[in-house]
Amino acid sequence: MSEMSTTIAARLEHVRRTIAEAAERAGRSTSGITLVAVSKTFDDDAVRAARDAGQVDFGESRAKALAARHDADPALGVRWHFVGRLQRNKVSLVAGTATLIHSVDSMRLAEAIATEARDHQRVQRVLVQVNAGEDPDKAGFSIDEAPTAIARIREIPGISVQGVMTIPALGADPRPAFVRLRTLRDELRESFPEIVHLSMGMSGDYELAVEEGATLVRLGTAIFGPRDG
Ligand SMILES: *Cc1c(COP(=O)(O)O)cnc(C)c1O
C-alpha cells in the first residue's frame with residue numbers, strides 16, 4: 001500500500017469511529033447513517049484508496065466530474081452522489097448516473113431532472129435542498145416554502161423525493177439549522193412516508209449532524225486531507 005492509501009484508510013477508520021460514537025450519544029444505530037466521501041478535486045488514486053478501504057458511496061459537486069469519474073470506471077463498484085449546484089443544461093450528465101441527487105433547489109431543476117429520467121424510463125432519486133441556515137449565499141428553498149415545493153415535486157413523474165439536504169451558513173453554529181431540517185423532515189414524513197433522508201454534516205460539523213439525526217453525511221477533507229484549491 002502507498003503512503004497515501006494508508007493515510008486515507010486511517011482517516012476513514014477515524015471518521016467511522018467518530019460517527020459511531022456520535023450515533024451512540026444520540027441513541028442511534030449506525031446502520032441508518034451513510035458516509036458519502038466527497039472526492040471533488042482529489043485524484044483517482046484517492047478514490048481507489050478509499051474504495052479499497054471499504055468506502056462505497058462517493059460524491060461529486062460538479063456534473064462533468066461526476067460523469068467523467070463514473071464513465072472512467074463504471075465497474076469500480078461504487079455509488080456516485082451528486083451534491084453540488086446543478087445547472088439545468090448539465091442534468092443529462094448526472095440523471096441516471098447519480099444514485100442520489102442531493103441538491104434540487106428549484107421547481108425548474110426538478111422538472112428538468114424528471115424529464116431526463118422519463119426519457120430513459122427511469123425514476124431519479126433526489127433530495128430537496130433547504131436553506132435551513134437562512135444564508136443569503138446558499139441555494140435551496142426556505143424552510144417556509146419547502147413543504148409546498150416538496151408536495152409539488154413529488155407529484156412529477158420520473159422523480160422520487162427521498163428527503164432533504166442542507167448546507168449550514170458559514171461561521172454560524174450549525175446545530176439550529178440541523179434541528180430545523182430534522183423537524184421539517186419529521187413533519188413531511190407524516191404525510192409522505194418516503195421522505196426519510198437528512199443529508200447534513202460536512203468535515204467540520206458531522207458529529208453534530210449525526211447527533212441531530214443525519215442519515216447521510218458528506219465528507220471531503222476529513223477523508224482525503226486538505227484541498228489545494
Ligand atoms: C465539498 C462539499 C462537501 C465536503 O466538504 P468538506 O468540508 O471537505 O467535508 C460536502 N457537501 C457539499 C455540498 C460540498 O460541496
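This is a short dialogue on reading the ligand site and pockets of a predicted model.

Me: What should I know about the model before I start?
Reply: The model is predicted, local features need pLDDT of at least 70, and side-chain atom pairs count only at pLDDT 80 or more, while totals for chains, interfaces and linings use all residues. Residues are numbered from 1 along each chain as its sequence is written, and side-chain values use heavy atoms, with hydrogens and water left out.

Me: Which residues surround the ligand?
Reply: A residue is near a molecule if one of its heavy atoms lies within 4 Å of it. Here the residues around the ligand include Val38, Lys40, Ser61, Met202 and Thr221.

Me: Which side-chain N or O atom is 2.9 Å from a nitrogen atom of the ligand?
Reply: A polar contact is a pair of N or O atoms within 3.5 Å. The 2.9 Å partner belongs to Arg218. A ligand oxygen lies 2.7 Å from a side-chain N or O atom of Arg227. A ligand oxygen is also 2.8 Å from a polar backbone atom of Gly220.

Me: Which pocket does the ligand take up?
Reply: A pocket is an open set of points on a 1 Å grid over the protein atoms alone, where a 1.4 Å probe fits, with protein on both sides within 12 Å along at least five of seven lines; lining residues have an atom within 4 Å of a point. A molecule sits in one if more than half of its atoms lie within 2 Å of its grid points. The ligand's space is the largest pocket. Its lining has 23 residues, with Lys40, Val83, Ile167, Met202 and Arg218 nearest the centre.

Notes. Polar contact = N/O pair within 3.5 Å; in protein donor to acceptor, adjacent residues only side chain to side chain.
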